[in-house]
Amino acid sequence: MKSKIDFVNLHGHSVAGSIFDGLGYPQDHMNFAYKNGCKALALTDHGNMNGLSWQVLHGKKMQADGKDFKPIYGVEAYFVPSIAEWREEYETSLKDKKRARTIVKGDTSGATVEDESESKKSSKNILNRRRHLVLLAQNQTGLNNLFKLVSESYRPENFYRYPRIDFKLLEQYSEGVIAASACLGGVYAGCMWEERENGPEAILASMRSVTERFISIFGDRWYGELQWNNIPEQHELNKYIIQMHEEYGIKLISTADSHYPDPDAWKDRELYRRLGWLGKGRPQWAEDGELPISVDEIGYELYPKNGN
């Protein structure tokens, strides 16, 4: 049975901004989403909004061609609760000669490469710690604030290998912005990874603290994000997020995180992301030998879906 509710995916990545992670330009994703029965699509590249100009121009072209389609502007930001605390740890590390050898000073490149294996786990090293946070523009004020947040995240004092924002910046630039808890690398997932050894109650206590802080900033514009794939930890996380919904009345969204523009592009994207780690200390998932023969070996598909 097909759903009668229009599905709009609010979480997606392109080659324009998610380097070695998203494949296909924004217009490729938009064209397929429209062909697949969708009326809108969000782009939330990692830490930047480099694909926005493509969205704007191609959206106008689609409208001129009689295609009623709305591009939604957003970013999947890198978040830490307090940049001041993170910066203090960074400065302390620079004074430690042994730790300082591992720090790349002055690295403020805009072409950051997302390491999924590092984001989706507990990190004892605060320098590398960051969580994903989906931010979407609700209106022009929100779009202006997203521009400001992205710009602030790349300031030298906020950047180390990845651009960062925190609660303080969100309090300044939250007007007109919709926020969601993102994926297995997200802010709610971080509670699960950090407290997993301490049991469900510790996870829930951490998630309650996070929920209350985000509600204080965004109010009813704070959403728990559910995703659906065959990763057991994702379904474990979904249950915790649903409990936050029941306790606090926060709204839920269901997303189909997309990383390539159509179902046939899965293998190209798999090769592309592995190439991004050549000579960079490749993570285990990039060392797993030959490319998969079928998408079933990966276990999930990451193209713009229509919700049916």
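Is C191 buried or exposed? C191 is buried, with a relative accessible area of 4%. C183 is buried too, at 6%. The model is a predicted one. A search of the whole structure finds zero disulfides. A disulfide is a covalent bond between the sulfur atoms of two cysteines.

**Aromatic pairs**

The whole structure holds 14 aromatic pairs. One of them joins Y34 and F69 in an edge-to-face arrangement. Their centres lie 6.4 Å apart, with 80° between the planes. This pair links distant parts of the chain, 35 residues apart. Y34 sits in helix 1 (residues 26–35). F69 belongs to the loop between helix 2 (52–64) and strand 2 (70–79). Y34 is partly exposed, with a relative accessible area of 31%. F69 is buried, at 1%.

F214 and F218 form a stacked pair. Here the centre-to-centre distance is 6.4 Å and the angle between the planes is 20°. Both residues lie in helix 9 (residues 200–218). They are four residues apart, so about one helical turn separates them. F214 is buried, with a relative accessible area of 0%. F218 also counts as buried, at 2%.

F214 and F218 belong to a cluster linked by ring pairs. The other members are F79, F167, Y188 and W222.

**Charges over rings**

F167 has a charged neighbour as well. R213 lies over the face of F167, at 4.3 Å from the ring centre. K305 lies over the face of Y303, at 4.6 Å from the ring centre.

**Cavities**

The structure holds five cavities of 30 Å³ or more. The table covers two of them.

| Cavity | Volume | Lining residues by class |
|---|---|---|
| Largest | about 60 Å³ | nine nonpolar, two polar, one charged |
| Second largest | about 40 Å³ | five nonpolar, two polar, no charged |

Which element gives the largest share of the lining of the largest cavity? Helix 6 does, with four residues. Strand 2 and helix 6 (140–153) are the elements that give two or more residues to this lining. Among the lining residues of the largest cavity are V75, A77, L146, L149, V150 and S153. R164 lines the largest cavity as well.

The second largest cavity is lined by P26, H29, M30, L41, A42, L43 and Q55. Helix 1 and strand 1 (40–43) each supply at least two residues of that lining. Helix 1 also carries Y34 of the edge-to-face pair.

Conventions: Residues are numbered from 1 along each chain as its sequence is written. This is a predicted model: local features need pLDDT of at least 70, side-chain atom pairs count only at pLDDT 80 or more; totals for chains, interfaces and linings use all residues. Side-chain values use heavy atoms; hydrogens and water are left out. Rings of Phe, Tyr and Trp (its six-membered ring) pair if their centres lie within 6.5 Å; planes under 30 degrees apart count as stacked, over 60 as edge-to-face and the rest as tilted. Buried means under 20% relative accessible area, exposed over 50%, partly exposed in between (1.4 Å probe, protein chains only). A charge sits over a ring if NZ of Lys or CZ of Arg is within 6 Å of the ring centre and within 35 degrees of the ring normal. A disulfide is a pair of cysteine sulfur atoms within 2.5 Å. On a 1 Å grid over the protein atoms alone, a cavity is a set of points where a 1.4 Å probe fits but cannot get out, and a pocket is an open set with protein on both sides within 12 Å along at least five of seven lines; lining residues have an atom within 4 Å of a point. Grid points are joined across faces, edges and corners, and a volume is the space filled by probe spheres set on the points. Ala, Val, Leu, Ile, Met, Phe, Trp, Tyr, Cys and Pro count as nonpolar, Asp, Glu, Lys and Arg as charged, and the others, Gly among them, as polar.
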